[in-house]
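The following exercises concern charged side chains, their burial and a patch on the surface. Work through each task with the sequence and the structure at hand before turning to its solution.

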Amino acid sequence: MTLPIRLDHFLKMLGLVETGGQAKQLIADGYVIVNSQIETRRRRKLNVGDEVELDGNIYTISAEES
């Protein structure tokens, strides 16, 4: 994964959604939380240390492994 990564791409990459449209809708409807705040911008850039929460599960962005 190349950082920073867009929020909608991150959700799709993890398999949490099947399409970009699904990601867009979840984000727009306020179901995605980034760093303890509801995030409605699908193009939000995520960096190392950011935490994304969806359906009670938290995913922490970590550095790319060599």
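Throughout these exercises a residue counts as buried when its relative accessible area is under 20%, as exposed when that area is over 50%, and as partly exposed in between. The model is a predicted one.

**Exercise 1.** Determine whether D8 is buried or exposed, and establish which residues its surroundings include.

*Solution.* Begin with the location, which is helix α1 for D8. Next, take the relative accessibility of D8, which is 5%, and compare it with the cut-off of 20%; D8 therefore counts as buried. Then list the neighbours: leaving aside residues up to four places away in sequence, D8 touches A23, I27 and R42. Finally, turn to polar partners, where the side chain of D8 makes a polar contact with the side chain of R6 at 2.7 Å.

**Exercise 2.** Describe the salt bridge between D8 and R42, and work out where in the chain its two partners lie.

*Solution.* As a general starting point, side chains of opposite charge can pair when their charged atoms come close. Here the side chains of D8 and R42 meet with an N to O distance of 3.7 Å, and since a salt bridge requires such atoms to be within 4 Å, the pair qualifies. The pair links distant parts of the chain, for D8 belongs to helix α1 (residues 7-13) whereas R42 sits in the loop between β3 (37-38) and β4 (45-46), 34 residues apart. As to accessibility, R42 has a value of 28% and so counts as partly exposed, while D8, at 5%, is buried.

**Exercise 3.** Identify the partners of E39 and the network of salt bridges to which E39 belongs.

*Solution.* The structure holds 5 salt bridges. One of them joins R41 to E39, with the closest N and O atoms 2.7 Å apart, and another brings together the side chains of R44 and E39 at 3.3 Å, N to O. Extending the search, one finds that E39, R41, R44 and D50 are linked in a network of salt bridges. Two members can then be classified by accessibility: E39 is buried, with a relative accessible area of 8%, and R44 is buried as well, with a relative accessible area of 17%.

**Exercise 4.** Find which residues form a nonpolar patch on the surface.

*Solution.* The patch is formed by M1, M13 and L14, which together have about 250 Å² of accessible area. Of these residues, M13 lies in helix α1, and its relative accessibility of 45% makes M13 partly exposed.

How values were computed:
Residues numbered from 1 in each chain as written. Predicted model: local features only at pLDDT ≥ 70, side-chain atom pairs only at ≥ 80, totals over all residues. Heavy atoms only, no water. Helix = DSSP H or I, 4+ residues; strand = E, 2+ residues; numbered from the N terminus. Buried < 20%, exposed > 50% of the residue type's maximum accessible area, 1.4 Å probe, protein only. Patch = residues over 30% accessible without salt bridge, like charges linked within 9 Å, V, L, I, M, F, W, Y side chains within 5 Å. Areas by Shrake-Rupley, 256 points an atom, 1.4 Å probe, with all protein chains shown as cover. Polar contact = N/O pair within 3.5 Å; in protein donor to acceptor, adjacent residues only side chain to side chain. Contact = heavy atoms within 4.5 Å.
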